[in-house]
Amino acid sequence: MSAADALPRFHHRERHSIEVAAPPERALAAAKDVELSDLPLARLLLRLRRLGGTAPGGRLWDLLEASSFAPVRDDTFVLVGKPWRLRGGLRPEVADFAAFDEPGYAKMALDVRALAGGDGTRLETETRVLLTDGRARRRFAAYWLVVRPFSGLIRRSWLRAAKRRAESR
């Protein structure tokens, strides 16, 4: 399952990719092995989101798994929340992501995939967001206006770090 499978309809989408001179399995494994210490900007932004708390460490993948993102496959996560709120207004207890439609929320899907092609692999990440009502769409639009550039920087940094890891193995 991909983000497209988990959330076929969406209001916002962010996609990034990079060419990696390695087989798909190695490229995907490298993406999962990227440490937050490889992503200083991501660590800073996560620290700011936590109001100056300790910067997280370890693998970015483990942070996703330990947060309220629910894995729906080895390379796809889903989440329901209100990211425009300081603490994210997360709903980790959502039993049926596809059917969830409570007003005031964002349904989010994130994936990382490695596609064989040519002499290597295209490593991609995609994030899709569906808002459950008009008010949530307006709130998310204001939030996304500020956050989107940083979100993109994190994704591109993640992919570059994965490329370095995959190509050095």
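Against which elements do the buried residues of α2 pack? I began with this question, working throughout on a predicted model.

**Entry 1: helix α2**

I listed the buried residues of α2 as P24, A27, L28, A30, A31 and K32. I then traced what they pack against, and found β1, α4, β4, β5 and α5. I also checked how the helix is placed on the sheet: α2 lies across β1, β4 and β5, and runs at about 145° to β4.

**Entry 2: overall layout**

I counted five helices and five strands in the protein. Read along the sequence, these elements follow the pattern α-β-α-α-α-β-β-β-β-α. I compared the radius of gyration, 16 Å, with the 15 Å that the globule rule gives for 169 residues; the two are close, so the protein is as compact as a globular protein of that length. Along the principal axes, the C-alpha atoms fill a box of roughly 45 × 35 × 25 Å.

I looked up burial for the whole chain and noted that 44% of the 169 residues count as buried. The accessible surface comes to about 8,800 Å², and carbon and sulfur atoms account for 54% of it. For contacts between residues at least 6 apart in sequence, I recorded that 67% join residues at least 24 apart.

**Entry 3: the sheet**

In what order do the five strands of the open sheet lie? I read the order as β1-β5-β4-β3-β2, with antiparallel pairing. The edge strands are β1 and β2 (70-73), each of which pairs on one side only. On average, neighbouring strands of this sheet are turned by 20° against each other, direction ignored.

I next examined the pairing at the β2 end. β2 and β3 form a hairpin with two residues between them, and their antiparallel pairing extends over three bridges. Within this pairing I found R73 bridged to T76 of β3 and P71 bridged to F77 of β3. On to the next pair: β3 and β4 are joined in the antiparallel sense over six bridges, and M108 in β4 is the bridge partner of L79.

**Entry 4: cover on β3**

How many of the six residues of β3 are buried? I found that six of six are. In a regular strand the side chains alternate between the two faces of the sheet. I therefore inspected each side of β3 separately: T76, V78 and V80 are buried on one side, and F77, L79 and G81 are buried on the other, so both faces are covered.

**Entry 5: the nonpolar cores**

Nonpolar side chains in soluble globular proteins tend to be buried together. I searched for such groups here. The largest nonpolar core has 36 residues, and L123 and W158 are those with the most contacts inside it. At least two residues of this core come from each of β1 (12-20), α2 (24-33), α4 (60-66), β3 (76-81), β4 (106-117), β5 (120-131) and α5 (134-168). The largest share, ten residues, is supplied by α5. Apart from this core lies another, of ten residues, including A3, A6, A109 and L130.

I also noted the placement of α5: this helix lies across β1, β4 and β5, at about 10° to β1.

**Entry 6: three residues examined singly**

I set aside neighbours up to four places away in sequence and listed what L123 touches. Among its contacts are H16, S17, I18 and V20, then A27, L28 and A31, then V112, R113 and A114, and finally L159 and A162.

V112 is in strand β4. Is V112 buried or exposed? Its relative accessibility is 1%, so V112 counts as buried, the cut-off being under 20%. With neighbours within four places left aside, V112 is in contact with L28, A31, W61, D75, L123, E124, T125 and W158. I also took one distance: the C-alpha atoms of V112 and T127, 15 residues apart along the chain, are separated by 9.1 Å.

The last residue I looked up was E124, which is found in strand β5. At 10% relative accessibility, E124 also falls under 20% and so counts as buried. Which residues does E124 touch, not counting those up to four places away in sequence? I listed R15, H16 and S17, together with D111, V112, R113 and L115.

Key
Residues are numbered from 1 along each chain as its sequence is written. This is a predicted model: local features need pLDDT of at least 70, side-chain atom pairs count only at pLDDT 80 or more; totals for chains, interfaces and linings use all residues. Side-chain values use heavy atoms; hydrogens and water are left out. A nonpolar core is a set of buried Ala, Val, Leu, Ile, Met, Phe, Trp, Tyr and Cys residues joined through side-chain atoms within 4.5 Å. Buried means under 20% relative accessible area, exposed over 50%, partly exposed in between (1.4 Å probe, protein chains only). Helices (H or I, at least four residues) and strands (E, at least two) are DSSP runs, numbered from the N terminus. Contact means heavy atoms within 4.5 Å. Two strands pair if DSSP finds at least two bridges between them. Axes are lines fitted to C-alpha atoms, for helices over the stretch in contact, and angles run from 0 to 180 degrees between N-to-C directions. The radius of gyration is taken over C-alpha atoms; the globule rule is 2.2 Å times the number of residues to the power 0.38. Accessible areas come from the Shrake-Rupley method with a 1.4 Å probe; for residues, only the protein chains shown count as cover.
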